[in-house]
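Work through the exercises below with the sequence and the 3D view open. Each task is followed by a solution in steps.

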Amino acid sequence: MQIIIFDNAEQVAENAAQWVSELIRNKDKPVLGLATGSTPISLYKQLVNKHKNEGLSFNHVSSFNLDEYHNINADNAQSYRSFMKDHLFDHVDINQSNTYLPTCSNSQNPREQGVSYEKKIQELGGIDLQILGIGANGHIGFNEPTSSLASRTRIKTLTQQTLTDNSRLFNEGEEQPTMAMTMGIATIMDARYVLLMATGKNKAKAVNDMITGALSAMCPASALQMHENAVILLDKEAASDLADHQYYQWADQQHRKINETYGFYHNY
Ligand code: PGA
């Protein structure tokens with residue numbers, strides 16, 4: 001894992017935006033893996049700014065979102081399709097027919113929907129860079145604790161903690177879905193790079209478990225210990241439970257020197 005600790009959340013977002021723009025400026029048909037939630041909002045703001053002010057084009061980009069609520073209409077304000085339109089898709093030149101979310105309505109078979117999402121990802125050549133947040137319980141996507149580390153896109157029942165964490169996003173009287181379709185942990189592990197962003201004190205324990213804990217289905221993000229190219233972007237608060245703070249900062253400085261000497265290396 002490459003662990004990079006920044007002073008604040010804004011710097012985390014700036015760095016994540018550099019990773020994304022590096023990919024989409026340099027690859028003919030880049031495939032992005034996208035996430036919803038509070039954390040990536042500032043990343044999407046940066047990307048919209050880069051599109052408006054620096055000519056960053058998304059017209060050749062395809063994207064796959066990590067998850068979507070079960071049986072929700074795309075035009076429902078709570079759908080992750082609406083979230084992505086509000087924060088990114090409607091503000092850049094991406095062709096929205098090349099943007100995919102793992103949808104499933106009551107009339108569809110969730111198992112078939114999961115398999116066809118996996119197939120579509122393969123058809124487009126696999127995900128180059130997967131953006132991730134992390135839940136306070138260590139989930140990635142909606143892979144809650146005890147999710148199989150070999151899981152693929154499927155329907156999941158959300159934990160009480162996730163429902164409580166997300167209830168802030170629902171207005172009174174609005175129905176909060178309790179099930180979602182999510183990429184599996186193996187789907188995420190297939191991405192060529194994963195870029196996990198975590199900010200704020202409430203993520204400190206999950207971040208520490210992910211990086212220094214046992215590889216365990218109880219902390220789904222710990223699977224990233226087995227990923228060849230996992231980059232973890234943290235602000236100081238999210239990094240505050242890590243004992244080896246100084247080592248990570250030192251290693252990052254050394255890494256930067258290597259990049260300055262040999263160029264920024266990636267293997268998309
Ligand atoms: P958050 O969610 O960015 O809203 O904290 C992250 C997650 O649950 O994966």
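**Exercise 1.** Which oxygen atom lies 2.5 Å from a polar side-chain atom of Thr 39?

*Solution.* The partner is an oxygen atom of the ligand, 2.5 Å from a polar side-chain atom of Thr 39. The model is predicted, so to speak of local features a pLDDT of at least 70 is needed, side-chain atom pairs count only at pLDDT 80 or more, and totals for chains, interfaces and linings use all residues. Residues are numbered from 1 along each chain as its sequence is written, and side-chain values use heavy atoms, with hydrogens and water left out.

**Exercise 2.** Find further polar contacts of the ligand (a polar contact is a pair of N or O atoms within 3.5 Å; within protein, one must be able to donate a hydrogen and the other to accept it, and residues adjacent in sequence count only if both atoms are side-chain atoms).

*Solution.* Step 1: take His 139, where a polar side-chain atom lies 2.6 Å from an oxygen atom of the ligand. Step 2: take Ser 38, where a backbone N or O atom lies 2.8 Å from an oxygen atom of the ligand. Step 3: look at the area; the ligand taken alone exposes 280 Å², and the protein buries 80% of that. These areas come from the Shrake-Rupley method with a 1.4 Å probe.

**Exercise 3.** List residues around the ligand (a heavy atom within 4 Å of it) and sort the shell by type.

*Solution.* Step 1: the residues around the ligand include Gly 37, Ser 38, Thr 39, His 139, Arg 168 and Lys 203. Step 2: the shell divides into 1 nonpolar, 6 polar and 2 charged residues.

**Exercise 4.** Describe the largest pocket (on a 1 Å grid over the protein atoms alone, an open set of points where a 1.4 Å probe fits, with protein on both sides within 12 Å along at least five of seven lines; lining residues have an atom within 4 Å of a point).

*Solution.* Step 1: the ligand takes up the space of the largest pocket. Step 2: about 780 Å³ of space lies in this pocket. Step 3: its lining has 36 residues, and among those nearest its centre are Thr 36, Asn 166 and Arg 168. Step 4: H3 gives the largest share of the lining, 5 residues. Step 5: by type, the lining holds 14 nonpolar, 16 polar and 6 charged residues.

**Exercise 5.** How much space lies in the second largest pocket?

*Solution.* Step 1: the space is about 410 Å³. Step 2: 19 residues line this pocket, with Trp 19 and His 255 among the closest to its centre.

Terms used:
A residue is near a molecule or strand if one of its heavy atoms lies within 4 Å of it. A molecule sits in a cavity or pocket if more than half of its atoms lie within 2 Å of its grid points. Ala, Val, Leu, Ile, Met, Phe, Trp, Tyr, Cys and Pro count as nonpolar, Asp, Glu, Lys and Arg as charged, and the others, Gly among them, as polar. Grid points are joined across faces, edges and corners, and a volume is the space filled by probe spheres set on the points. Helices (H or I, at least four residues) and strands (E, at least two) are DSSP runs, numbered from the N terminus.
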